[in-house]
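This briefing introduces selected features of one protein structure to a reader who is new to the subject. Please consult the sequence and the 3D view while reading the points that follow.

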Amino acid sequence: AWGEDGVGIIAIRGVPDWVQKYGRALRQAHPLAHLPRESLAQLEDERSLFNSGWSFGKEKLGDKPDFAKGSFYFNPLTDEPGTEEDRERFPWAMPRNRWPAELPEVETACKDLGATMHEAVSHLARLVDRSMGERVAGYRAELGQLVRDTEKCKGRLLYYFPPKPAASEDAKHTSDATDSSVQEDGWIGWHNDSGFFTALTPDIYVDDASGEVIENPDPEGAGLWVVTRDGSAAHVSIPRDCMCVQVGECT
């Protein structure tokens, strides 16, 4: 998975109660994204550069503000990472959590899922240490201990809003003409993950009006895309019973 011919993502099967845990957490995205505007505003944390709580239209897709999705950021391990001095000096890296009072299940479900994902990645990091120690002379990184003991952990609950219809026939023709060139990066934009590891759940799809879980309406285009070592784009389908892990820029 992480070798020369891999796509840079590894799947882990056998995580205890995995399907129930991520299903419970991901279902919170719809009611959260549809809270009243005043409630969502209270969840924004500008001082952290919107790295805690609700973020909508603060990031960019290409060169324009991204209103296609909303993000809810949280630390699944602790509500107050580091020391008071750490949080004061690095508010974007160690912000306090902000949870919606109207939806207490969000905190419960997200912390449960995040703690499970953190534990699984800690075990994987330990195996990376063992593998690298056998292959690289002088390897001393100790990723397993670093990941296990850190309080600096970011969770992100994403909600993609339904795409807006083209405003006119001209806009439709323009959209049709560009679909083939932007299809793979039309969701979140091409990017490198920061940190050491990014753990991913399978996705779910819901009816925006009712919140009811539905089948993927675009199985060929929607979901996770990665760029392989030869520069081509690959559509990765995460098995429903698996957790996936990508390496970040620090690894």
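In what follows, two parts are in contact when they have heavy atoms within 4.5 Å of each other. The model is predicted. The points below concern two open sheets, aromatic pairs and one cavity.

**Sheet with strands 1, 12 and 7**

- An open sheet is formed by 3 strands in the order 1-12-7, and their pairing is antiparallel.
- Strand 1 (9–13) and strand 7 (197–200) are at the edges; each has a single partner strand, so one side of each lacks a neighbour in the sheet.
- From one strand to the next, the twist averages 25 degrees.
- Strand 1 pairs with strand 12 (residues 242–247) in the antiparallel sense, over 5 bridges.
- Opposite isoleucine 9 stands glutamine 246 in strand 12.
- Helix 5 (residues 104–135) lies across strand 1, strand 7 and strand 12, and runs at about 135 degrees to strand 7.

**Sheet with strands 2, 5 and 6**

- Another open sheet consists of 3 strands in the order 2-5-6, again with antiparallel pairing.
- The edges are held by strand 2 and strand 6 (155–160), each with a single partner strand, so one side of each is left without a neighbour in the sheet.
- On average, and with direction ignored, neighbouring strands of this sheet are turned by 20 degrees against each other.
- Strand 2 and strand 5 are joined over 4 bridges in the antiparallel sense.
- Phenylalanine 56 has glycine 70, in strand 5, as its bridge partner.

**Aromatic pairs**

- A pair of aromatic rings is described by the distance of the centres and the angle of the planes.
- The structure contains 9 aromatic pairs.
- One of them joins phenylalanine 56 and phenylalanine 67 in an edge-to-face arrangement, with 5.4 Å centre to centre and 65 degrees between the planes.
- Phenylalanine 56 belongs to strand 2, while phenylalanine 67 is in the loop between strand 4 (64–65) and strand 5, so the pair ties together parts that are 11 residues apart in sequence.

**Cavity**

- Searching the whole structure gives 1 cavity of 30 Å³ or more.
- The volume of the largest cavity is about 40 Å³.
- Its lining consists of Ser55, Phe56, Gly57, Lys58, Glu59, Asp66, Lys69 and Ser71.
- Strand 2 (53–56) and strand 5 (69–74) are the elements that give two or more residues to this lining.
- Sorted by class, the lining of the largest cavity has 1 nonpolar, 3 polar and 4 charged residues.
- Phe56 thus appears in this lining, in the aromatic pair with phenylalanine 67 and as the bridge partner of glycine 70.

Notes:
Residues numbered from 1 in each chain as written. Predicted model: local features only at pLDDT ≥ 70, side-chain atom pairs only at ≥ 80, totals over all residues. Heavy atoms only, no water. 1 Å grid on protein atoms, 1.4 Å probe; cavity = no way out; pocket = protein on both sides within 12 Å on 5 of 7 lines; lining within 4 Å. Points joined across faces, edges and corners; volume = space filled by probe spheres on them. Nonpolar A, V, L, I, M, F, W, Y, C, P; charged D, E, K, R; others polar. Pairing = 2+ DSSP bridges. Axes fitted to C-alpha atoms, helices over the stretch in contact; angles between N-to-C directions. Phe/Tyr/Trp six-rings, centres within 6.5 Å; stacked < 30°, edge-to-face > 60°.
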